Amino acid sequence: MNAKALVSFQPQVDRGTLVLGGEPHVVHCHYYNHFLQTSIEDAEGIYPVEEVLVWTAQEIAHSLFKSLFKDTGVTDYRERKAIVEAVYTQCGYGKINLADLSAEGGEVRTPYEHYAYTYAATFPPRPKGKRGVAYFSQGYLAGALEAIYDLPLGSVGSQQVACLTQGDSEVVWHFYRLANPLPLKPSIGEGAFQTGSLVQFPATRIPYAQIRDAVLSLPFIPDSETGLIEGFGVVLTFTPGNYYALISERHMQRMIQALGKEIEPLVLDMLIESGHVCAFNTLGGIMQSAEWDAVVRPYIDTPEDWLHGIMAALPAIGWGIVSCTNQPSSAEWSVCLTNWYESTALSALSPAQRHLDHSPFARGLFAGVMALIYKARIYERRLTFDGHLYRELFGEGRIYQATFTESRLRGDPKDSLLVTPSRT
Amino acid sequence: MSTWRSWIRTLLSPIKSKETTQTESSKSSIDTEKPTAPPTSSEELDPSKLYPILPLKEWIIRNISPYAWDRTVIRSLPELSRMGIATTMVLAPKPDTELPLPVLQVLLSSLESMYGVKPDLREILRKTVTV
Amino acid sequence: MKCQKLQVCAWRVKYLLTVEEPLGAHQWRALAEEWTGSTLEVFPIPSVSGILYKLTLPEKEGILTGSDRSTDIYAILLRMRAEELLPEVMNRLQAVAYL
């Protein structure tokens, strides 16, 4: 069996998704990953954040690998481990060897794990004594272990016991069987997905479908030694979109449970900010890359074409299908989101099970893109992405704000988003 | 020793961490181990008096980011709760919201743990009075 | 040749280098041949008839990316070696630009 050959994303162009093991995956960069995780981790004194960050990953990985093993017909434990190792690397999470794991648990250690490596390489030293940053992998591997040995979801406990961010040379996790299972739920998979098509906007030369296809064909290949994916100058992962949506939703719920409704604006603000971080680093990185120059730039005539170009690329990184409802300008950008990954994930929950009534990440993201174009004027100068520029765009007095004029999570048939200059 | 393992070792050296702090765009989201700003002089303020909280919020928003204030509050909530401070007082302080010095010190401590920044509280409060 | 630092990111620094004309396949090949230990990858993008070039420097100390459609070349260099590597990258690009 060639595990690597069994592992490939299936682009669903009518949904704008990249599916593997029944799970839609989305591309994000390490800045976004750390920002969202750290924002949730800030609440560690309020509720046990591992129950959100680790357990959610465990649920998703369990469903993902159960589905993948079923689809491939692989029943041999060693072969299943090889598949997990291959998926882990294919998605840019790093390199792992599961040889020492058994149905009773065991230890996994690696010097290369996305969160730990990029944190250590990017940020100042983390305070001594804090737990490691590899929450996602911890849960992901616990869920994978359950799937490998056909164990029930929630039957494996886990702990991260070493981390690069604590000066250790490796990330180490321990896994063990639990007498009392964790209260976990199977993943929502492709959720309440929508289908649609990429609509070519008439007032632009930007060829939406060609750009989407071009981005789909780009080689995001993990490094052979580390399993980390470098692209556009940042470090990328293919992560189940359900993970981001559910940790955002669950964090909001836990915060409200603990502190009341008054805390909601603060949590929302954090989720909106994660969209700014993503626009700035991931999409900003894309807009200043050789890939963009080759694929999009030849068709750009106006500043608005930068918006069209980035919209065309989004389905190829798994975020759903985005189309303009009218010609954008610096005063207004109105978009329709089809199968936006966060909405699709959360729509699969019953209204009683969710609190978020829209995707705050999308609000920050699209406002952030507008700021890059009309405030930073990326169309006429190359930008230096540093703290100064970030504060200029997203500091006091944000330049743009976005609101959902229609939201599937409020019962509307579709998601519509309007970006306008912030009122000062 | 592989190339990538060597790199991470080099990157983790204390000499280079300063460069990182100055150039990275998303420092604001991550905890830091050591403060880089001069120490606060809040010790010289009167612990028995009440002080306005809004100037500190505005200073953080202006000098770090709006989000830094949100994070500071979230980090501080468990301690503030133990002190019996109502969440609403720190979530959305009004110009006349005044709180005991220890409350402001809790917020400053959270700020320092996350951003390595410890502003001079006296200076912030003095400027407000002048204005 | 113009040079601008775009971003310091994880273990890399991303620079933008602007040459006078887009480099063609023969120039990228020459760059790779002259730079011992480097690896050139060529990615045709049929849907937009473009070609991407990616040159990985020896010991993975950097990546140069460019396309046949732009005078912009991105040098994404190992942070700890970026200042030493950048002049060499620029010299080598200059050398092949007139081939």
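A residue is taken as buried if 20 or more other C-beta atoms lie within 10 Å of its own, as exposed if 12 or fewer do, and as partly exposed in between. The exercises below apply to a predicted model.

**Exercise 1. Determine what fraction of chain A is buried, and assess its overall dimensions.**

Step 1. By the criterion above, 61% of the 424 residues of chain A count as buried.

Step 2. The secondary structure of chain A consists of 14 helices and twelve strands. For 424 residues the globule rule gives 22 Å, and the radius of gyration of chain A, 21 Å, is close to that value, so the chain is as compact as a globular protein of that length.

Step 3. Along the principal axes, the C-alpha atoms of chain A fill a box of roughly 60 × 50 × 40 Å.

Step 4. Consider contacts in chain A between residues at least 6 apart in sequence: 71% of them join residues at least 24 apart.

**Exercise 2. Carry out the corresponding analysis for chain C, starting with its secondary structure.**

Step 1. Chain C comprises two helices and six strands. Read from the N terminus, the order of its elements is β-β-α-β-β-β-β-α.

Step 2. A compact globule of 99 residues would have a radius of gyration near 13 Å; the value for chain C is 13 Å, which agrees. The box filled by its C-alpha atoms, taken along the principal axes, is roughly 35 × 25 × 25 Å.

Step 3. Of the 99 residues of chain C, 43% count as buried. Among contacts in chain C with a separation of 6 or more, residues 24 or more positions apart account for 43%.

**Exercise 3. Establish how the buried residues of helix α2 of chain C are arranged around its axis.**

Step 1. Helix α2(C) spans residues 82-97, 16 residues in total, and reaches 22 Å from its first C-alpha to its last, close to the 22 Å expected at 1.5 Å a residue.

Step 2. The buried residues in α2(C) are C:Ala82, C:Val89, C:Leu93 and C:Val96. They cover an arc of only 65° around the axis, and therefore lie on the same side of α2(C).

Step 3. On the face of α2(C) turned away from the buried side are the exposed residues C:Glu83, C:Glu84, C:Pro87, C:Asn91 and C:Gln94.

Step 4. The cover over the buried residues of α2(C) includes β2, α1 (25-34), β5 and β6 of chain C.

**Exercise 4. Describe the contact of chain C with chain A, including the elements of chain C that take part.**

Step 1. The contact takes 24 residues from chain C and 25 residues from chain A.

Step 2. On the side of chain C that touches chain A, two or more residues each come from β1 (2-9), β2 (12-18), β3 (39-45), β4, β5 and β6 (72-78) of chain C. The largest share, five residues, is that of β1(C).

Step 3. Sorted by class, this side of chain C has eleven nonpolar, eight polar and five charged residues.

**Exercise 5. Locate A:Asp150 and C:Glu59, and classify their exposure.**

Step 1. A:Asp150, a residue other than glycine, has a positive phi near 55°. It is placed in the loop between α6 (135-148) and β5 (156-162) of chain A. A:Asp150 counts as exposed because it has 12 C-beta neighbours inside 10 Å.

Step 2. For C:Glu59, likewise not glycine, phi is positive and near 60°. The loop that holds C:Glu59 lies between β4 (50-56) and β5 (62-67) of chain C. With 13 C-beta neighbours inside 10 Å, C:Glu59 counts as partly exposed.

Conventions
Residues numbered from 1 in each chain as written. Chains lettered and ligands numbered in written order. Predicted model: local features only at pLDDT ≥ 70, side-chain atom pairs only at ≥ 80, totals over all residues. Helix = DSSP H or I, 4+ residues; strand = E, 2+ residues; numbered from the N terminus. Rg over C-alpha atoms; globule rule 2.2 N^0.38 Å. Contact = placed C-beta atoms within 7 Å. Nonpolar A, V, L, I, M, F, W, Y, C, P; charged D, E, K, R; others polar. Expected span 1.5 Å × (residues − 1). Arc of directions from axis to C-beta.
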